[in-house]
Amino acid sequence: MERYIDGEAEAFELLYRRVSPNLMGYLLRLTRNRERAEDLLQITFSKVHRARGSFLRGAPVLPWILAIARRSFLDERRSAQVRTEDLSPDGSLPEQQNDDRPLPAELSDALDVALGRLPENYREAIVLTKITGLSVAEAASVLGATETAVKLRVHRGYTQLRKELEQYSRTS
Amino acid sequence: MSTQNPDPLADLPWPKPEAPGDAVSAKICGACTKNLCAKRGLSAVSRLSLCLFVSGLVASYAYWFGVRHHRSELGLRMGVYGAVVWGLVQAAVLYVGFAPRRGLLGSRSVRVAVAVVLPVLFLGYLSYAAWSYVPFDQFSHGARASHAFSCGLIALLFGAIVGGSVLLAWRGTNPVTPRLSGTLAGFVGGVGGALAVGIGCPSHEAWHLWTAHGLIVLALGLLGFGVGRRLLSP
């Protein structure tokens, strides 16, 4: 990151290769839509590029970039909420579909679907600590929460995941 | 959940991180490396010093103004003592609210507590500093009201300079809790402005201090909350 701040283009490419898979995984699980996740990835990196001068040297890079990605996601969602919604042919607002389909047969797919069904704050805490590999302290700094709150969210998320996956083990 | 407990879902095939599409990657790398040049930002210590310098500059101007308008020596001295003590408080608030330790910002709950305690403490200080009291109906019109109004405007201007310097010095550094940090910047600015006006203003009447000097802190805190996300988030 510091070499990138100093103007080395190769350093950015190296940073991108290291950070983008984790960032993409996080955004995919936040948005549950590949196109939106890729849009947000571009927005995030453009913000990182603009704000590279304000990065405090020596700070961990991934939590900083993840926090920017999360802020971009929240901003995008906020602006989407005030956007006009297309009405259905009978003139009513489209209803949100509840995802109550049975879990897929493959365990990894079932886990992905079960993860997607978790409440957002549980899902975020699990994705950051379990998939992205952040420490609890780093995840707390990304989420703007206390470490205890993150531990609690992970624990509750685990409990809910276990319940969902019990259904998988019964059917398989 | 304790960190000593075994992970109950450790054996699950957790999704692996996924690389973005090649087209997106090429677009990002192209945009971020085009005409890339060094962009060195200030260190946390420099940013903190800059904010305190601006606060000191505003207080010095108010002192010069007070001397020029023949304010009593005792009043000037009390104002300067107050500004020095509150300058230390401002430094502590900036350190807790903005400067990261080991790269991460301090606990959010501590910063929330600071945002609650700081204005309460400052209004308490103003109440302590008030030497006289007139009923509100006497204060609310005539010369007292117009003096409070002009004092309030000057405090607002000074506070906006100090608070603005905090927001600009730490611009784009807080992607996590920018509104909270914006509120703290507003409070720091409000305290700076009120103290500067306190050096140059001869009034020690309670209503005057609460409204013309104290309300500015709350007003700038609200303003900081409003602009924090835009200015402090990268």
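At what angle do the axes of H2(A) and helix H1 of chain B cross? In this predicted model, the answer is roughly 145 degrees, with the two axes coming within 10 Å. Here H1 of chain B covers residues 22-33. As for handedness, H2(A) and H1(B) make a right-handed crossing.

It helps to see who does the touching. On the H2(A) side, the contact uses A:Ala9, A:Phe12, A:Glu13, A:Tyr16 and A:Ser20. On the H1(B) side, the partners are B:Ser25, B:Ile28, B:Cys29, B:Cys32 and B:Thr33. Sorted by class, this helix pair brings together six nonpolar, three polar and one charged residues. A bit of helix geometry is handy for reading such lists: an α-helix has 3.6 residues a turn, so residues three or four places apart point the same way.

Zooming out to the whole interface, 52 residues of chain A are in contact with 42 residues of chain B. Quite a few helices of chain A chip in with at least two residues each: H2 (9-31), H3 (34-51), H4 (61-81), H5 (107-117), H6 (120-131), H7 (136-143) and H8 (147-171). H2(A) gives the largest share of the side of chain A that touches chain B, namely ten residues. That side of chain A is made up of 26 nonpolar, 15 polar and eleven charged residues.

H2(A) has some quirks of its own. At A:Val19 the helix has a kink of about 40 degrees, and the proline A:Pro21 follows shortly after. Just past the end of H2(A) comes A:Arg32, with a positive phi of about 60 degrees.

Now for the layout of chain A itself. The domain assignment splits chain A into domain 1 (2-81) and domain 2 (107-171). Measuring from C-alpha centre to C-alpha centre, domain 1 and domain 2 of chain A lie 21 Å apart. Each domain puts twelve residues into the contact between them. On the domain 1 side, the elements giving two or more residues are H2 and H4 of chain A. The residues on that side of domain 1 divide into seven nonpolar, two polar and three charged.

Chain B, finally, is built with eight helices and zero strands. Along the sequence, that reads as α-α-α-α-α-α-α-α. How does the radius of gyration of chain B compare with that of a compact globule of 234 residues? The globule would come out near 17 Å, but chain B has 23 Å. Along the principal axes, the C-alpha trace of chain B spans about 75 × 50 × 30 Å.

Definitions and conventions
Residues are numbered from 1 along each chain as its sequence is written. Chains are lettered from A and ligands numbered from 1 in the order in which they are written. This is a predicted model: local features need pLDDT of at least 70, side-chain atom pairs count only at pLDDT 80 or more; totals for chains, interfaces and linings use all residues. Two residues are in contact if their C-beta atoms, placed from the backbone, lie within 7 Å. Helices (H or I, at least four residues) and strands (E, at least two) are DSSP runs, numbered from the N terminus. Ala, Val, Leu, Ile, Met, Phe, Trp, Tyr, Cys and Pro count as nonpolar, Asp, Glu, Lys and Arg as charged, and the others, Gly among them, as polar. The bend at a residue is the angle between axes fitted to the seven residues ending there and the seven starting there. Domain bounds come from an automatic or database domain assignment. Axes are lines fitted to C-alpha atoms, for helices over the stretch in contact, and angles run from 0 to 180 degrees between N-to-C directions. A crossing is left-handed if the near helix is turned anticlockwise from the far one by less than a right angle, and right-handed if clockwise. The radius of gyration is taken over C-alpha atoms; the globule rule is 2.2 Å times the number of residues to the power 0.38.
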